[in-house]
Every structure is written in structure tokens, then in C-alpha cells.
Amino acid sequence: MGLPCHYCELGIAIGQGKRIFLYSPNEEVNNFETTSTFYHLAEVEKCFGTLDELLEQVTIVKKS
């Protein structure tokens with residue numbers, strides 16, 4: 001069985017140097033046993049907390 005399509009798209013985006021934000025209301029995306037290897041690459045910026053905090057982080061990065 002192959003990778004789900006969204007992992008392929010994530011890999012392509014990382015390969016193209018796109019900014020990647022991975023959002024989770026908690027830190028469950030840090031679990032190596034239940035997540036994709038892509039989630040743990042240095043190019044992926046993990047965001048935890050509320051959606052408002054995610055929007056703030058994305059906006060700050062965009063303005064920089």
C-alpha cells in the first residue's frame with residue numbers, strides 16, 4: 001500500500017522549498033509511532049495551541 005496522497009503533496013512542497021506549517025491543538029504530531037516521517041523534518045514548522053495562535057505565527061512569518 002502506498003502513501004496517502006497528502007503525504008506525497010507534503011513531500012513535493014518540502015522539495016520545492018515551500019514554508020510548511022503543521023498545526024495541532026496539542027503535541028500529538030510529535031509522536032513518531034503515529035505520524036509521518038515528514039512531520040519530523042527540520043523544514044516543517046510545528047504549531048501548537050489555538051487556531052488564533054496559528055494565525056498569529058503564520059502572519060508573523062509572512063511579514064518577516
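This report describes a predicted model of a protein, moving from its overall layout to its core and then to the loop between its two strands.

**Overall layout**

The protein contains two helices and two strands, and when it is read along the sequence these elements follow the pattern α-β-β-α. Of its 64 residues, 25% are buried. The exposed surface comes to about 4900 Å², and carbon and sulfur atoms supply 58% of that area. Among the contacts with a separation of 6 or more, 48% are between residues 24 or more positions apart in the sequence.

Because this is a prediction, the confidence of the model deserves attention before the details. The average pLDDT of the protein is 83, and 83% of the residues score at least 70. Confidence is highest in strand 2, with a mean of 90, and lowest in helix 1, with a mean of 80.

**The two strands**

Strand 1 covers residues 20–24 and strand 2 covers residues 44–48. The two strands pair in the parallel sense, and five bridges join them. One of the bridge partners can be named, since Ser24 is matched with Phe48 in strand 2.

How do the side chains of strand 1 point along its length? They alternate, with Ile20, Leu22 and Ser24 pointing to one face, where they are buried, while Phe21 and Tyr23 point to the other face and are not buried. This fits a general pattern, in which the side chains of a regular strand alternate between the two faces of the sheet.

**The nonpolar core**

The largest nonpolar core is made of eight residues, namely Leu10, Ala13, Ile14, Ile20, Leu22, Val29, Tyr39 and Val44. Helix 1 and strand 1 are the elements that give two or more residues to this core, and the largest share, three residues, comes from helix 1. In soluble globular proteins, nonpolar side chains tend to be buried together.

Leu10 gives a closer view of this core. Leu10 sits in helix 1, which spans residues 5–15, and it counts as buried because its relative accessible area is 16%, which falls under the 20% limit. Leaving out residues up to four places away in sequence, Leu10 touches Ile20, Phe38 and Tyr39. Leu10 and Ile20 are ten residues apart in sequence, and their C-alpha atoms are 8.2 Å apart in space. Ile20, with the same kind of neighbours left out, touches Leu10, Ala13, Ile14, Glu43, Val44 and Glu45.

**The loop between the strands**

Several residues can be followed in the loop between strand 1 and strand 2, and the table sets out how far four of them are covered.

| Residue | Relative accessible area | Class |
|---|---|---|
| Ser36 | 10% | buried |
| Thr35 | 18% | buried |
| His40 | 23% | partly exposed |
| Asn30 | 30% | partly exposed |

Which polar contacts does the side chain of Thr35 make? The side chain of Thr35 reaches the backbone oxygen of Asn31 at 2.7 Å, and a polar contact of 2.7 Å also joins the side chains of Thr35 and His40. When neighbours within four places in sequence are set aside, Thr35 is in contact with Glu28, Val29 and His40.

Ser36 belongs to the loop between strand 1 and strand 2, and a polar atom of its side chain lies 3.1 Å from the backbone nitrogen of Phe38.

His40 is found in the loop between the two strands as well. Not counting residues up to four places away in sequence, His40 touches Val29, Asn30, Asn31, Phe32, Thr35 and Lys46. His40 and Val29 are eleven residues apart in sequence, with a C-alpha to C-alpha distance of 8.6 Å.

Asn30, another residue of the loop between strand 1 and strand 2, is in contact with His40, Lys46 and Phe48 once its neighbours within four places in sequence are left aside. Although Asn30 and Lys46 are 16 residues apart in sequence, their C-alpha atoms are 8.9 Å apart in space.

Definitions and conventions
Residues are numbered from 1 along each chain as its sequence is written. Side-chain values use heavy atoms; hydrogens and water are left out. Helices (H or I, at least four residues) and strands (E, at least two) are DSSP runs, numbered from the N terminus. Buried means under 20% relative accessible area, exposed over 50%, partly exposed in between (1.4 Å probe, protein chains only). Contact means heavy atoms within 4.5 Å. Accessible areas come from the Shrake-Rupley method with a 1.4 Å probe; for residues, only the protein chains shown count as cover. A polar contact is a pair of N or O atoms within 3.5 Å; within protein, one must be able to donate a hydrogen and the other to accept it, and residues adjacent in sequence count only if both atoms are side-chain atoms. A nonpolar core is a set of buried Ala, Val, Leu, Ile, Met, Phe, Trp, Tyr and Cys residues joined through side-chain atoms within 4.5 Å. pLDDT is the predictor's confidence in each residue, from 0 to 100.
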